[in-house]
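Here is a set of exercises to work through with the model open beside you. Try each task before you read its solution.

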Amino acid sequence: MVILHSLDAKEAAGVTRYARELAGALRAEGEEVRELRIRPYEVALGSRKVGGFVSMKAQGLLRPLRKGGLLHSTFHYAAHPRCDVATVHDLFPETRSEELGFGAVEVAAMRRTTERLLRRKVDLVCDSEATRTTLQRLYPTARAERIHVVMPGVSDRFHPSSTVRPHPAFKADRFNVLCVADLNPRKRFDWLLQAVLDLDDPTVHLVHAGPDAVRRPPWAEQKNREATLEQTLGGRLARLGRLEDPDLVSAYQSADLLVLPTLDEGFGFPPLEALACGTPVAVTNLPIFDETLPGQGDRFTGASDLVGVLRKAAKRGVSTPAQRAARHAWTMEAHGWPQAARALREIYATLA
């Protein structure tokens, strides 16, 4: 039996989704799985929300009282104290702490958690080679044989649709550009806003999906960067907020291009989810996307570079059904959940 320990909160939707989809994929491959969901409780302290890690650690002291199988924590910074395997999604709180607004005390606590995992010889599963490289740079004494790379899968609910423009926010007579991101300062949505303004093409319509919650002071700075540009763009921008899964799939299917302007990623789900829906993508020119999106999508380095990418994509126009089907097939073959589940089962078997 494998016990999956995950966060149970919308604020950590990415980790929660990873855990629940992994549980389903493991069961489909014949693994017996029990889910252990622990909710982080936070309180407001000025412009910060604190207490999440402390509350999860306190719950982890009591649950499960009897482990009864291999325990896989799906977020290593909040790892269960008795876990055997932990997933490392990224290390941005350590590598970009000041930029993202993490305090020295928070970062020190996260480092202690990672160091404790290494001392206990817990196997760490990284989402990408890029994350493994960063982990080994930050912790040079970590044993290489206990650090694995297993990329997450993309759910088969992401697929092309035969329905034209199923989401009402997308305009049938426009070239619709979608961005899926929150206010994290790594996600430079202001680049895309500036690029659309510089392009000055009235046929280009911009749609943003993602929460606008300000969790730390730098997030407020990011919101301010976007505000002036958004006001200038006016009706050429639609903000959808956080979307539940059916609406998110509909948005991907409706878009003519998905753009992810980001300074760094540990894996990056939106481009792969868009490709699975048949939508072409444009991403920042980062090594992680050479790893996860080899041969797929356009690249750019900043707002000025993005103008040319948008111009080329608009000229290229709407994808054909055959092109959308080919992108979906590539994504499922390269990043399907069955492949990820089988790779993790091999790790579990070695530990067992």
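**Exercise 1. Work out which residues of helix 10 are buried, and what that says about the helix's surroundings.**

Solution. This is a predicted model, so treat each value as computed from it. Start with the cut-off: a residue is buried when its relative accessible area is under 20%. Go along helix 10 and you'll find that Pro270, Pro271, Leu272, Glu273, Ala274, Leu275 and Ala276 pass that test. Helix 10 covers residues 269–276, and seven of its eight residues are buried, so the helix is largely enclosed by the rest of the structure. Now step off the end: just after helix 10, glycine 278 has a positive phi of about 90 degrees.

**Exercise 2. Find how many disulfides the whole structure has, and explain the result with cysteine 83.**

Solution. A search of the whole structure gives zero disulfides. To see why, take the sulfur of cysteine 83 and look for the closest cysteine sulfur: that one sits in cysteine 126, 14 Å away, which is too far for a bond. The pair would have to be within 2.5 Å to count as a disulfide. Next, check burial. Cysteine 83 is buried, at 1% relative accessible area, and cysteine 126 is buried too, at 0%.

**Exercise 3. Take the salt bridge between aspartate 123 and arginine 146, and say where each partner lies and whether each is buried or partly exposed.**

Solution. First, the big number: the whole structure has 25 salt bridges. In this one, the closest N and O atoms of aspartate 123 and arginine 146 are 2.5 Å apart. The pair links distant parts of the chain, 23 residues apart: aspartate 123 belongs to strand 7 (residues 123–126), while arginine 146 is in the loop between helix 6 (129–138) and strand 8 (147–149). Then compare accessibility. Aspartate 123 is buried at 5%, whereas arginine 146 is partly exposed at 24%.

**Exercise 4. Examine two more salt bridges, glutamate 129 with arginine 132 and lysine 312 with aspartate 298, and place the partners in the fold.**

Solution. Start with glutamate 129 and arginine 132, whose closest N and O atoms are 2.7 Å apart. Both residues lie in helix 6, three residues apart, or about one turn of the helix. Glutamate 129 is partly exposed, with 37% relative accessibility.

Now move to lysine 312 and aspartate 298, where the closest N and O atoms are 3.3 Å apart. This pair links distant parts of the chain: lysine 312 in helix 12 (residues 303–316) and aspartate 298 in strand 14 (residues 298–300), 14 residues apart. Lysine 312 is partly exposed at 46%, but aspartate 298 is buried at 14%. While you're on salt bridges, look at Arg17, Glu21, Arg157, Asp245 and Glu273 as well: salt bridges with shared partners join them into one network. Glu273 is one of the buried residues of helix 10.

**Exercise 5. Identify which residues make up the positive surface patch, and which helix gives the most to it.**

Solution. The patch is formed by Lys57, Arg112, Arg116 and Arg119. Match these to the secondary structure and helix 5 (residues 104–119) comes out as the main contributor, with three residues. Arginine 116 is in helix 5. Its relative accessible area is 38%, so arginine 116 is partly exposed, and it clears the patch cut-off of over 30%.

**Exercise 6. Look at phi in lysine 121 and aspartate 200, then locate each residue and judge its exposure.**

Solution. Keep the background in mind: most residues other than glycine have a negative phi. Lysine 121 has a positive phi, near 60 degrees. You'll find lysine 121 in the loop between helix 5 and strand 7, partly exposed at 44% relative accessibility.

Aspartate 200 also has a positive phi, about 55 degrees, although it isn't a glycine. Its place is the loop between helix 7 (189–199) and strand 10. With a relative accessible area of 57%, aspartate 200 is exposed.

Definitions and conventions:
Residues are numbered from 1 along each chain as its sequence is written. This is a predicted model: local features need pLDDT of at least 70, side-chain atom pairs count only at pLDDT 80 or more; totals for chains, interfaces and linings use all residues. Side-chain values use heavy atoms; hydrogens and water are left out. Patches are made of residues with over 30% relative accessible area and no salt bridge: like charges are joined within 9 Å, nonpolar side chains (Val, Leu, Ile, Met, Phe, Trp, Tyr) within 5 Å. Accessible areas come from the Shrake-Rupley method with a 1.4 Å probe; for residues, only the protein chains shown count as cover. A salt bridge is a side-chain nitrogen of Lys or Arg within 4 Å of a carboxyl oxygen of Asp or Glu. Lys and Arg count as positive and Asp and Glu as negative; His and the chain ends are not counted. The place of a charge is taken as NZ of Lys, CZ of Arg, CG of Asp or CD of Glu. Helices (H or I, at least four residues) and strands (E, at least two) are DSSP runs, numbered from the N terminus. Buried means under 20% relative accessible area, exposed over 50%, partly exposed in between (1.4 Å probe, protein chains only).
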